[in-house]
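Thanks for making the time this morning. I would like to walk through one structure with you, moving from a single helix out to a sheet, a contact surface and two individual positions.

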Amino acid sequence: MAPLVPDTVAEVSKGLADHEYLADDGLATSIFLALRLQRPLLLEGEAGVGKTEVAKVLARWTGGELVRLQCYEGIDSSQAVYEWDYSRQLLHLRAVEASHERVDEDELYSERFLVKRPLLRALAYEGTVPPVLLIDEIDRADDEFEAFLLEILSDWSISVPEIGVVRAEVPPVVVLTSNRTRDVHDALKRRCLYHWIAHPDFERELAIVRLRAPRVPELLARDVAAAAEALRGLELYKPPGVAETIDWAVALTTLGRARLDEAAVDATLGTILKYREDQERVRAHGLTDLVRDAMARGA
Amino acid sequence: MPEVALDPAPERMAVAFARVLRRSGLEVPVGATLMFAEALGCVGLAGRSGVYWAARATMVNRPESIALFDRAFAVFWDQRAATGPDVVEMAPEEVIIALDVPGADDPGEADTDTTADAPVVTLRWSAREILRHRDFALYTPAEFAEARRLMDDLRLVGASRPSRRRKQSRVHRGTPDLRRTVRRSLRAGGEPVERAFLTTGERTRRLVLLLDVSGSMEPYARAFVRFLHAAVISRSRVEAFALGTRLTRVTRELASRDPDAAVLAAARRVVDWSGGTRLGDGVRRFNDEWGIRGLARGAVVVIFSDGWDRGAPEVLAEQMARLSRVAHRIVWVNPLKASPGYAPLAQGMAAALPYVDAFVEGHSLAALEELARVIAE
């Protein structure tokens, strides 16, 4: 069992790397502090920089269960915390009635009919390792839900009126992600440690491609990482994230390429650029230059 | 929470650094300072990188603050003043907007109106009527002070849209509400006699206000800032941005309840009151950084601009097209539209018009009231 409370930042970096996630110093320090101080970690960054992945790798590393709450507009406690299994309750009522017994309300609202949703599961876990709670895309939920969440993240407890208060002895590891479609409320931010995940630099991105897509030939990986770096400098609508870089490297490998060339880039541009305007801009900029510069940078 | 033993050094360091950050303009709540002190207890004080990341994780909570933070940290850690071109950007910008302190400019003028024989109410009303239709550009400071009071009464109602959040239905139609049905059936000894239903709720659409703060807009800027302020404080889900040579989010500044302080703060952040503007680039920056990723999705977007664009019209047209693909409606407020014989000859305006759902004047109080109505549609 991996230790839940690491002693050094280096230990975090290594733990994550062992589970195929390469974090830079900033992210590793934030995770280290989140584990040591038992604070939620709020991650923001462009799409595709690996925010959600952080929670997944933390679960693998700590050995805790990954409990994921995908936020969306209008999410409320019946989807996030708990709900009663109404159809079973109704069936139960019919059965009781058929046998001419009295209806026992306590029985109707016992754990047997309780459907636990992610937040309750993350607090009422069994075993010794607290789960990793991923609250994904918190910016999609509305303010009311955020306020509710704030309460849970401060007290690590939830009150279910029919059953009582559920409290976690050791709080779960909490990772929140946001795409910044709106500002997360300050009160919630104050509870959290904050880290902005930027696009990786060339060396790190190369290391990530090697790690995540080991089939990609070394030279091609270098070319692709260099080209991705160059594309991010072109003021595109959606600069490619690491996820796109990996997809691109895999796509080129699947086409049997060992290095970048213009025809292959032209054919696979859609795996790395998802806007027509961006593709046009890059083609206008010149694919020949892109390939030449990338090969020079990668070498 | 585990007990972290704090020797006095990290605490002192945390407090001192918090002070440096506040001086350079970052908001640092006390809780963040405490968290930083705790974090220092974990990473130690020896390494620059450890202290830097501990401070950033605890005291920064939005990417816009990172540049400011980095400079403050460099000053703090390296005990040297940040020098070089960066400092220029950091210094408070010259504010060109004239702030009207009520009564300071013409202390007599406001009084003369009210000392006349007729009842005060009538006089004020007629003054208001004249004022309502007067072009903002022709206002005297005293009239502006009066208009400002009128504008504080302005309340914006937003357009609504169906919400995913459901609410209890009054009629027996819609999705069954099993939770309440089970509850009620207990009353009937377990028989679901009385059934309950859910219906879809409604919620207000987000309102996004983009204010062009280039020089040609200056006569109207003060009035529009007031309008923005009234919008931001009177309802939720409003975002305001100033469009100039750069894009500045001013929602927070405008959200303060004290309008004068809010306007001053907003003016301080916006540096382009009299520069020319590249409208297309501004809208593009809005689209890239805020709009497309969600802020403008399904929202009512209001652009306050005279449409004078120093950039290429194709850029503006392309960006307006992008914006119109995600926004619910785009309202363009052009104070020049009220001038007799106005035709959208400004290249930018002509390029943008095909993507605009409502084109209104906004040059006077009456026009702003009309705008409030259009927004609510």
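Let me begin with helix H10 of chain B, where 13 of the 17 residues are buried, so this helix is largely enclosed by the rest of the structure. H10(B) runs over residues 218-234 and reaches 25 Å from its first C-alpha to its last, which is close to the 24 Å expected at 1.5 Å a residue. Please keep in mind throughout that we are looking at a predicted model, one that scores ipTM 0.75 and pTM 0.73.

Staying with chain B, its secondary structure comes to 16 helices and nine strands, and buried residues make up 35% of its 377 residues. If we take the contacts in chain B between residues at least 6 apart in sequence, 73% of them join residues at least 24 apart.

How far does the confidence hold along this chain? The average pLDDT of chain B is 74, and 75% of the residues score at least 70. Over residues 1-7 of chain B, however, the pLDDT is below 50, and that stretch has nine contacts in the model beyond near neighbours in sequence. Residues 80-127 of chain B also stay under 50, and for these the model has 41 contacts beyond four places in sequence.

One position in chain B that I would like to single out is B:Met320, which sits in helix H14, residues 313-326. Is B:Met320 buried or exposed? It is buried, because 27 other C-beta atoms lie within 10 Å, and 20 or more are enough for that label. Leaving aside residues up to four places away in sequence, B:Met320 touches B:Val283, B:Ala352 and B:Tyr355. B:Ala188, by contrast, is 132 residues from B:Met320 in sequence and 60 Å from it in space, C-alpha to C-alpha.

Turning to chain A, five strands form an open sheet in the order S2-S5-S8-S1-S9, and the pairing is parallel. The edges are S2, residues 66-70, and S9, each of which pairs on one side only, and the twist averages 20° from one strand to the next. At the S2 edge, S2(A) and S5(A), the latter covering residues 132-136, pair in the parallel sense over five bridges, with A:Leu66 standing opposite A:Val132. Helix H2 of chain A packs on this sheet, touching S1, S8 and S9, and its direction makes about 160° with that of S9(A).

That helix brings us to the place where the chains meet, with 33 residues of chain A in contact with 36 residues of chain B. On the chain A side, H2 (25-37), H5 (86-98), H9 (186-191) and strand S9 (193-197) each supply at least two residues. Which element gives the most to that side? H2(A) does, with seven residues. By character, the chain A residues that touch chain B divide into 13 nonpolar, nine polar and eleven charged.

My last stop is A:Val216, in the loop between helices H10 (202-212) and H11 (218-232) of chain A. Although A:Val216 lies in a loop, this residue is buried, with 24 other C-beta atoms within 10 Å. Its contacts, again not counting residues up to four places away in sequence, are with A:Val209, A:Ala221, A:Ala249, A:Val250 and A:Thr253. The C-alpha atom of A:Leu287, 71 residues away along the chain, is separated from that of A:Val216 by 21 Å.

How values were computed
Residues are numbered from 1 along each chain as its sequence is written. Chains are lettered from A and ligands numbered from 1 in the order in which they are written. This is a predicted model: local features need pLDDT of at least 70, side-chain atom pairs count only at pLDDT 80 or more; totals for chains, interfaces and linings use all residues. Two residues are in contact if their C-beta atoms, placed from the backbone, lie within 7 Å. Helices (H or I, at least four residues) and strands (E, at least two) are DSSP runs, numbered from the N terminus. Ala, Val, Leu, Ile, Met, Phe, Trp, Tyr, Cys and Pro count as nonpolar, Asp, Glu, Lys and Arg as charged, and the others, Gly among them, as polar. The expected span of a helix is 1.5 Å times one less than its number of residues. A residue is buried if 20 or more other C-beta atoms lie within 10 Å of its own, exposed if 12 or fewer, and partly exposed in between; C-beta atoms are placed from the backbone. Two strands pair if DSSP finds at least two bridges between them. Axes are lines fitted to C-alpha atoms, for helices over the stretch in contact, and angles run from 0 to 180 degrees between N-to-C directions. pLDDT is the predictor's confidence in each residue, from 0 to 100.
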